[in-house]
Amino acid sequence: MSIQSEDVLKIAHLARLGIEEGQVESYASDLSNIMKLVEQMNEVDTSGIEPMAHPLDQSQRLRADVVSETNQREELQKNAPEIEDGLFLVPRVID
Amino acid sequence: MQWETVIGLEIHAQLATKSKIFSGASTAYGADANTQACAVDLALPGTLPVLNEQAVRFAVKFGLAIGAHIAPYSVFARKNYFYPDLPKGYQTSQFDKPIVGLGELDIVVDGKVKTIGVTRAHLEEDAGKSLHEDYQGMTGVDLNRAGTPLLEIVSEPDMRSAAEAIAYVKKLHTLVQYLGICDGNMQEGSFRCDVNVSVRPMGQEEFGTRAEIKNLNSFRFIEKAVAHEVERQIDVIESGGSVAQETRLYDANKDETRSMRSKEEANDYRYFPCPDLLPVEITAELLDEMQRELPELPEAKNQRFQTQYKLNGYDADVLTTQRAMADYYEAAVKSSGGETKLVANWVMGELSAGLNKENLAIEAAPVSAERLGGLVKRIADQTISGKIAKQVLELMWSSDDNADTVIEREGLKQISDTGALEKMIDELMAQNMLQVKQYRAGKTKMIGFFVGQLMKQTQGKANPQELNKLLQEKLKG
């Protein structure tokens, strides 16, 4: 499977990544090579092997349901470009 | 042409945990903006999720209650999209390996039982809230809700009318509250409903194209939105168009749905297993433990109320819809000395009316079950009449006094003493010979006059049965 220029543009848009026009071709070629590698791996016979959801063969440790965080709004909002009434302000979005 | 409506529902139930699904921030409702949004909820670099055990237990409990398959291993996945109230740029959810698999629920519509399939239920995190009021032309973001655990419960497209959809939603709403896994508060968004609606010509096998309606936060809105959407889709098709697969928003003010975004373009979520979380293992021990912790479920309680308390189906339905109401009823019956029907009438009648008037939940009832039971006991043993009991309840409502204290203090004890009543009747008849003659001449309705006078004299305390019996005897002459 080879990746076309329009695939690169679509993926970039979905990931909100800006790509210079001149670079689209080389991304398409790099991604195609990755896909080739995956196809190569697909040739290994894995029938009868249970797929893993995670490279570590372990299960999730769970946390007790306890509130351990305190209000640190002031500290946490120091990074924010704009705040008002405790809210983070972002460019207007309308659904 | 005859059209058939097809409805499937997605319910988002906020799980009643103290802390968030992946962080130790509080989930309490109504806090100041962003005071319960910690570094994990804000997706600051380097933070990692740690799964809340209680959220997992709640999901398992739900699965067991609907007879579903519980996955021994379930997997969290990332659902990728960009919106300011989703700081990570993906929602941590479950995709192809949800924790709860296929189950079912029975609903009753018009006396007929119908089984609705539950396709799956999965754990995920809630998003924050965007406030579009004017903040200097910008949008305000409150991330307190971000990371609140949700159980998304997806039904099969098994419902064929708004009434069936409502019955299903109500059933689930009752169930999650019985299980104690969700507070069910629809106004606060703890229990939210998205409805998938399509229409097809009657008899056609294939489903029509569906629209998803979001933002339905009351049973009434669900009913109205479905009715409106069905009509809209039929109009579109009958005038030669085709229904678009899209998300529509219900506007309660205008009572209409309008297009929100087209799903074709937006719906490219690129799910993949979340590398930050390992598969969740549900052991046989946990399953056993949750099974043991399951409370008596609504249907079983309903049946038991009908057999144990000899209630009719309607009473049992009303009393078991909320677990708190059912508990109240049982406690009141106990302290009333087993007056099952009378207690049912008082809980569903005077008590509920009083609660509605003040917009109180039964948990906040000013008169406890024990005190109400005590009042009913005094009606049953004829210390007071039902009418006087209403007066007593009012006095109990605004104090901590029990029924006996109020009856004693206000001198409301019923007069059942035959001798005392007879004396009053004799005096009254002597003073009103004209009315007595009229009664004896066949105007038997005149008895009402005597009852009225005597009730007035005794301030309503005369035992009505006794009074009627004595009056009839004496008036006959």
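User: Into which domains is chain B divided?
Analyst: Happy to help! This is a predicted model in which local features need pLDDT of at least 70 and side-chain atom pairs count only at pLDDT 80 or more, while totals for chains, interfaces and linings use all residues. Residues are numbered from 1 along each chain as its sequence is written, chains are lettered from A and ligands numbered from 1 in the order in which they are written, and side-chain values use heavy atoms, leaving out hydrogens and water. The bounds come from an automatic or database domain assignment, and chain B has domain 1 (3-286), domain 2 (296-410) and domain 3 (418-476).

User: Is B:Arg378 buried or exposed?
Analyst: Buried means under 20% relative accessible area, exposed over 50%, and partly exposed in between (1.4 Å probe, protein chains only). B:Arg378 has 19% relative accessibility, so this residue counts as buried.

User: Which side chain does B:Arg378 join in a polar contact of 2.6 Å?
Analyst: A polar contact is a pair of N or O atoms within 3.5 Å; within protein, one must be able to donate a hydrogen and the other to accept it, and residues adjacent in sequence count only if both atoms are side-chain atoms. At 2.6 Å, the partner of B:Arg378 is the side chain of B:Asp404.

User: Which residues of chains A and B meet in a salt bridge?
Analyst: Here a side-chain nitrogen of Lys or Arg must lie within 4 Å of a carboxyl oxygen of Asp or Glu. The rule finds 1 salt bridge across the interface of chain B and chain A. At 3.0 Å, N to O, the pair is A:Lys10 and B:Asp268.
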